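Please look over the sequence and the model below. A short report follows, moving from the whole chain to single residues.

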Amino acid sequence: MNFKFHHSVLLGALLMAGCSSSQHSSIKKDEVQRIEDAMQARDEGWLNDRALIYKASSKSDEQFVAALLSAWQSAQQSPKQGLADLKLLDPTSTSIPAKQLYYLTYAEISLASRDPISASRSILSASEITDAEQRGRLQLRAWQLLLATPLETLRAAAVQYKGSSFEGWLKLSQWQQQVDLSGVYDVSSLTSWLQANPEHPAWQYWRPQGTAIFEVQLQPQEANSTVQVGEHSSLDYQLGELSNPEAIFVLLPLSGQYSAMASAVKSGIEAALGSAAQLTFIDTNMMAPSQVAATLPPGSTIIGPLLKPDVAAFAQAGSSPRIWLALNHIDHSQQSNTYFMGLDPADEISQIVGQMIAQHHNKVLLLLPDTANGHRYHDLFMQAVSQRSTDLAVTVEWLQQDDSDPSRLLAIIDPDRRRQQMMITGQPPSDPLPSLFDAIFVDGSASDVTRIHDFITLYVDPRVQGPIFYLGSKANESSQIPPWDDVLTLTTPILTKAKANIYQQAVQLLPSPNADQLRLFALGYDAGVLLPQLSSPDSTASHPSQHDGASGTLTINADGTINRELSWDQ
């Protein structure tokens, strides 16, 4: 009884407080924040009291919020019913705080209903009516929701919302997912869409090299030797500093997932060109390469980008440089003063597939880690097979981290258990047991490769030819692979102690001079050494067709491709 009396007195006081300022028709922002906090805390008692207060109010804003809270309470039992109640409300004539509360509540209930499209659309609607700082947080939240949405759902929604601003978010999140999954996207379609919608807010979250989730940079940095661009509205401000005709513009992913790689390349370029060179580094993780290409002045000298999708996007944008030395390779037509160098995992996989076909293999087993990188290798391998006229049959087995259980491998290489029986008895069957695979590609460290190789070869009938193991450069870098006669290893040249002076520079400049970092430093160093020769007025005659580079012997073809010598060690 005492509790009921106390509650009634409190409710009466709140009603009086709620009705005492009749001259103000809109709900206050701090009150909306308290409601949002209570929703997050699931404080249904407090919210129910607030709903009663607002329901009794004569203010349209508060009556709207009362109906909204009633819908939220319904959603706690049935999200479907809660959404139905919200759809009956029209936020058009309400105040901005009430509108924002409506959109964010709609988003929360949509997520509970497993509808990320409606949720992200509502969050973006809320972002349009708030301040810049809150807008950035809300837009990033919506972007992350879209990146976690199945591609088919995004495609269907893009058709549904065709012609609206939301369509841009849906399109770009599709392209971003494609980059994250395979490293490939439709450059032509994306460039066309960029030209038609250069100011769309989703561009500030697009990462062509695949870094999809990141902290949003809301304020432009002061112009310096490293240009980082967060918002497209600040592009003109930032790039006003890039008009120096003597500058060498270097495009690298200096922030995000690939920053360590870019830092090693950057150190190599600086070591080769010296302090006198006027280097301007542009972070391609903060500014799309296509946008860089469209903004740099004609006749610029450019090194980079580093990543294959970035090189493709820069090439597609059609800039007019004086000299362009890309740090990766794409298929291209011959262009004057344009050069491509470097190796990407796609190139390595392509060479491995080509070698398997040249060796007349028919059945290939892929042993790949069950990681994003392993799945990318699988996609690249299958793409390389599909691009060739071959009957190569491919089987894949996904390896778990620290996988020591051989049963899954046995099920593949010995499905009829005859090879296991041979091991147990020590006697081979009367008829030879051919290997089910004539080639095996293993992506892993030297210790992974050794364990897998030794295990599989135990179950090979000594009377037949066993499989040939193909290893990429990752396994070879540690120099710990035994000298087996059934292994072919692709050796990608890296900076070694044979280049003593350069090696010492790298060791001093790199924070962790492992094989990967040394190879990337050597790539940057070679680019820096080659650039002056390629940039000379009579470069077609003056630069050597071969160059003893820090990353191996380099050969410059007539079409501008700079090949690095690769070899297969047996």
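## The chain as a whole

Of the 570 residues in the chain, 49% are buried. The model is a predicted one. The chain holds 24 helices and 15 strands. Its exposed surface comes to about 27300 Å². Carbon and sulfur atoms supply 50% of that area.

How do contacts in the chain spread along the sequence? Take the contacts between residues at least 6 apart in sequence. Of these, 64% join residues at least 24 apart.

## A mostly covered helix

Helix α7 runs through residues 116–127 and has 12 residues. From its first C-alpha to its last, α7 reaches 16 Å. That is close to the 16 Å expected at 1.5 Å a residue.

Is α7 mostly covered or mostly uncovered? It is mostly covered, with nine of its 12 residues buried. Four serines belong to the buried set: Ser118, Ser120, Ser122 and Ser127. The other buried residues of α7 are Ile117, Ala119, Ile123, Leu124 and Ala126.

## Two crossing helices and a serine

Now turn to helix α22 (residues 500–509) and helix α23 (residues 515–535). Their axes come within 10 Å and cross at roughly 115°. The crossing of α22 and α23 is right-handed.

Which residues make the contact? From α22 come Ile502, Tyr503, Gln505, Ala506 and Leu509. From α23 come Leu518, Phe521 and Tyr525. Sorted by kind, the residues of this contact are seven nonpolar, one polar and no charged.

Two of these residues also touch a third helix: Leu509 and Phe521 are in contact with Ser267, which lies in helix α13 (residues 259–273). Leu510 is another contact of Ser267, leaving aside its neighbours within four places in sequence. Why does Ser267 count as buried? Its relative accessibility is 12%, and buried means under 20%.

## Around helix α15

Pro305 sits in the loop between β4 (301–303) and α15. The peptide bond from Gly304 to Pro305 is cis, with omega near 0°. Most peptide bonds are trans.

Helix α15 itself covers residues 308–317. Its buried residues include Lys308 and Asp310. Pro309, Val311, Ala313 and Phe314 are buried in α15 as well. After α15 comes Gly318, whose phi is positive, near 70°.

## Two loop residues with positive phi

Most residues other than glycine have a negative phi. Arg114 is not a glycine, yet its phi is positive. His360 is not a glycine either, and its phi is also positive. The table sets out both residues.

| Residue | Phi | Loop | Relative accessible area |
|---|---|---|---|
| Arg114 | about 60° | between α6 (96–112) and α7 | 76% |
| His360 | about 60° | between α16 (345–358) and β7 (363–369) | 67% |

Are these residues buried or exposed? The cut-off for exposed is over 50%. Arg114 has a relative accessible area of 76%, so it is exposed. His360, at 67%, is therefore exposed too.

Arg114 also leads back to an earlier section. Its loop lies between α6 and α7, and α7 is the mostly covered helix described above.

Note on methods
Residues are numbered from 1 along each chain as its sequence is written. This is a predicted model: local features need pLDDT of at least 70, side-chain atom pairs count only at pLDDT 80 or more; totals for chains, interfaces and linings use all residues. Side-chain values use heavy atoms; hydrogens and water are left out. Buried means under 20% relative accessible area, exposed over 50%, partly exposed in between (1.4 Å probe, protein chains only). Contact means heavy atoms within 4.5 Å. Accessible areas come from the Shrake-Rupley method with a 1.4 Å probe; for residues, only the protein chains shown count as cover. The expected span of a helix is 1.5 Å times one less than its number of residues. Axes are lines fitted to C-alpha atoms, for helices over the stretch in contact, and angles run from 0 to 180 degrees between N-to-C directions. A crossing is left-handed if the near helix is turned anticlockwise from the far one by less than a right angle, and right-handed if clockwise. Ala, Val, Leu, Ile, Met, Phe, Trp, Tyr, Cys and Pro count as nonpolar, Asp, Glu, Lys and Arg as charged, and the others, Gly among them, as polar.
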